[in-house]
Amino acid sequence: MAPFALSRRRLLGLAAGAAAAPLLSPRAARAETRSGRLYLSCCAADDGQCFTGAFTADGRLAYRVPLPERGHSLAVSPDGSRAVQFSRRPGSFAVVFDPRDGRLVETLACRDDRRFNGHGAFAPDGRLVYLSENDFVAERGVLGVYDARDGFRRVAELPSHGIGPHELRLMPDGTTLAVCNGGIQTRPDLPRIKLNIPTMEPSLAYLDRRDGRLLGKVHLPAELHLASIRHLAVRADGLVAFAMQYQGPRGDLVPLVATHAAGARAPRLFEAPEAALRALEGYVGSATLDASGEFLAVSSPRGGAIQVWEVESARPVFTAAIADGCGIAATGAAGGFLASSGVGGTFLLEAVAGRCRPVASPALEALHWDHHIVPAAA
Amino acid sequence: MSRSLQTLRRLALPAALAAALLAGLQAARATEAPVSLAAVALGEADYQRVNDALVQHHVVPRYQVMAAAMAALDAAAGRYCAAPGAGTLAALRAADEAAVDAWMGVQHLHFGPVELFMRSYRLYFWPQGRGRIAQATGELLAAADPASLEEQHFRNASTAIQGLPALEVLLYGEGAEETPSAFRCALLTRIACNMKAMAADIVEEWQGGKIDFARTVAEPGPDNPYFESAEEATLAFFQSLYNGLELISDARLKPVAGASIEKAKPALAESRAPGRSLRNVVVNLEALQGLYEGEGGPGLGDLAVRSGADPKLEPLLRKAFRLTVETAKGIEPPLAEAVVDPKRRKAVDKLLTQLVAIKQILRSRFSPATGLPIGFNAMDGD
């Protein structure tokens, strides 16, 4: 077994000791989920112990699910009965739990010759879940397909049609998966080292989740081949908003946010103004659309900024300064977002009013929040 | 024995280390937090002073050493190709060693002219896919197409064939000891000449010319495309230090050492043919030590002193660097053998633990004391 892989026994051992610590009563947690008010995000305590934390927008911590190592993003089944916490790249485990109360259901280990890249998406019926994975032997990206009704057994594999697949989302048609192929080759024995920067070719690939067939592929202009496409958000009408992480020289001002309308040949790059590009310091850590679909929030933990863009005009409308801010999720209101910080704590943004206020919560402030926030009810 | 000395003794004890350090650091944070908040009063002038000194005494001199080494390498390649033989080959290999040393002494400096035109990848693309450089170099030799070595063409060719790793293949790989073909010699001299030009350009752009990166560091501000503040430029140096340590542990040592002696992978050692795996580590580490201590002017450590937030921090880090360099120098080369020899491996494990410890001190104490952030998400690449 590869040095970084966790043994199945260790995973199960951890799972056995991993009764979620409920902080709201299970009944209260369930009520919060039903009303769509519970959010999930990986986090770490000061001592480095990692959890999936479930919390409300007003700062109550519902429960914590212990994780063996640092996690990344999550996917929640359409019926809201299962959540999968993916491990951080190059990850070798995923933890399945009931997001309504934090009860642990299953842990899954990665195949020895693959590594998890931290994201995944459920099929509309909640049966299959697709995980972005690195086939580091063949140096290609794949999506591992797992069956939720069969103990999350790995039942198939699809090509991601690029190197380094990261975030993926199901399109509104229910059969198309949109996958960000970051373009960067890595391997588990050099966990965080990028092996092919000079030749990287990032893409946004659309594929048929039933057979893996490539349906379309979007590239950036050649001069932006160093902009790694990592994260995306999908609107009900099929518009895809995606965000990049630039691997070129510091000081280069390049667009890091773009949208792609179904059927369009080229993406629309959010290219101006300069100050907005500069605030992102070449790096976007997550991207989320608001409830109305008119506003797109992107985060730059490096720039300490959460930026909200108006999708229609491709103009920034609001920037909030949040140190190491990265996780973002839509709240119910137009232009409303919940954001989290790696330093600790969460924030509520109202882009239209141009307001950002920290959520007063000792429990949430005591935790370092990781890259992504996902609503507990899909 | 003073308490800080006791802490340092613990540095050498792998098992107890992480827990001891963590426990100690958290206690220190809890009790010293009010003091440190009051004491962190570093201003732009403090950062600027360190930045200017580092450019003048650390960055520019080290790039000048590299430019001279590359020029000497180019000359040695010319002499070898004019009269191939054991003597000129030995001289060329020695010049190559000096050039690699010079690169290892600047590899941590990830920003500035070296970032432009893919220079760092063209000079030293490592690590990359298995055997890719040997394969690309082999293909180039097999095709023997003179047009591929035309200057303009070569500069834009694959990074795999342009730099020091490709030269290593030519100097130590298959056919290295045989009388070279005209094409092999032309390739040798093209690589050397191309690197000489890049190294000279880097020195020039740090000191003036169109880009004048020293001025970019000296004059931060809202219109400066690289640094809005002096603190931002210092942060770039701090990231060089932190990422430099991480590259040594995560790329140069851990993959080779593996999780245990049974899982060691000697074949993954860097620069194995010329037997330089450990030498690269030592030169890297000494460069990072120079960045921390300063080399004839203040280094990053000066900020820990000036902040006054954590009086024991600067001497602790200084000593930690010294001990870590000592450990690295104390490992009997080559690394590929040391990792599978139960006796010598202990020193490799100790070095890894010490690297982790320095990073831990930088994160938990240096970062809060100097106001230079290492974000949970910000340094991540996800």
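# Exercises on a predicted two-chain model

The sulfur of Cys326(A) has its closest cysteine sulfur in Cys42(A), 12 Å away, which is too far for a bond. The model is a predicted one, and the exercises below work through its cysteines, salt bridges, cores and one sheet.

## Exercise 1: Cysteines

Find which cysteines are joined by a disulfide, and explain why Cys180(A) has no bond to its closest cysteine sulfur.

Solution.

Step 1. Recall the bond in question. A disulfide is a covalent bond between the sulfur atoms of two cysteines.

Step 2. Apply the cut-off: the two sulfur atoms must lie within 2.5 Å. Cys81(B) and Cys185(B) meet it, with an S to S distance of 2.2 Å. The count over all chains is 1 disulfide.

Step 3. Place the pair in the chain. Cys81(B) belongs to helix H3 and Cys185(B) to helix H9 (residues 182-207) of chain B, so the bond ties together parts 104 residues apart in sequence.

Step 4. Read the handedness. The torsion about the S-S bond is about -100°, so this disulfide is left-handed.

Step 5. Check the surroundings. Cys81(B) is partly exposed, at 22% relative accessibility, whereas Cys185(B) is buried at 9%. The limit for buried is under 20%.

Step 6. Turn to Cys180(A). Its closest cysteine sulfur, in Cys326(A), is 14 Å away, too far for a bond. Cys180(A) is buried, at 0% relative accessibility, and Cys326(A) is buried with a relative accessible area of 0%.

## Exercise 2: Salt bridges

Describe the salt bridges of Glu157(A) with Arg114(A), of Asp150(A) with Arg153(A) and of Arg276(B) with Asp101(B), and state how buried or exposed each residue is.

Solution.

Step 1. Start from the total, which is 47 salt bridges over all chains.

Step 2. Take Glu157(A) and Arg114(A), whose side chains meet at 2.8 Å, N to O. Glu157(A) is in strand E12 (residues 153-159) of chain A, while Arg114(A) is in the loop between strands E8 (103-109) and E9 (115-122); the two are 43 residues apart. Glu157(A) counts as partly exposed at 25% relative accessibility, and Arg114(A) as buried at 6%.

Step 3. Take Asp150(A) and Arg153(A). Their closest N and O atoms are 2.5 Å apart. Asp150(A) is partly exposed at 34% relative accessibility, and Arg153(A) is partly exposed at 45%.

Step 4. Take Arg276(B) and Asp101(B), with closest N and O atoms 2.7 Å apart. Arg276(B) sits in the loop between helix H11 (230-257) and helix H12 (277-293) of chain B, and Asp101(B) in helix H4 (residues 86-104), so the pair ties together parts 175 residues apart in sequence. Both residues are buried.

Step 5. Look for shared partners. One network of salt bridges joins Arg111(A), Asp113(A), Arg114(A), Glu133(A), Asp135(A), Arg140(A), Arg154(A) and Glu157(A).

## Exercise 3: Nonpolar cores

Locate the largest nonpolar core and explain where it lies with respect to domain 1 and domain 2 of chain B.

Solution.

Step 1. Name the central members. The core has 109 residues, of which Tyr63(B), Met66(B), Leu73(B), Trp206(B) and Phe366(B) touch the most other members.

Step 2. Find the main contributor. Helix H3 (residues 44-82) of chain B gives the largest share, 15 residues.

Step 3. Compare with the domains. Domain 1 (3-39 + 229-370) and domain 2 (63-210) of chain B both give residues to the core, so the core lies between them.

Step 4. Examine one member. Beyond its neighbours within four places in sequence, Met66(B) is in contact with residues including Ala102(B), Trp103(B), Leu123(B) and Ile202(B).

Step 5. Note the second core. It is separate, has 39 residues, and includes Leu204(A), Ala227(A), Phe242(A) and Val254(A).

## Exercise 4: A sheet in chain A

Give the strand order of the open sheet of 4 strands in chain A, and identify the strands at its edges.

Solution.

Step 1. Write the order: E17-E18-E19-E20, with antiparallel pairing.

Step 2. Find the edges. Strand E17 (227-234) and strand E20 (268-269) each have a single partner strand, so one side of each is left without a neighbour in the sheet.

Step 3. Inspect one pair. Strands E18 (residues 240-246) and E19 (residues 257-260) of chain A run antiparallel and are joined by 4 bridges. Ala243(A) stands opposite Val257(A) in E19(A).

Terms used. Residues are numbered from 1 along each chain as its sequence is written. Chains are lettered from A and ligands numbered from 1 in the order in which they are written. This is a predicted model: local features need pLDDT of at least 70, side-chain atom pairs count only at pLDDT 80 or more; totals for chains, interfaces and linings use all residues. Side-chain values use heavy atoms; hydrogens and water are left out. A nonpolar core is a set of buried Ala, Val, Leu, Ile, Met, Phe, Trp, Tyr and Cys residues joined through side-chain atoms within 4.5 Å. Buried means under 20% relative accessible area, exposed over 50%, partly exposed in between (1.4 Å probe, protein chains only). Domain bounds come from an automatic or database domain assignment. Contact means heavy atoms within 4.5 Å. A salt bridge is a side-chain nitrogen of Lys or Arg within 4 Å of a carboxyl oxygen of Asp or Glu. Two strands pair if DSSP finds at least two bridges between them.
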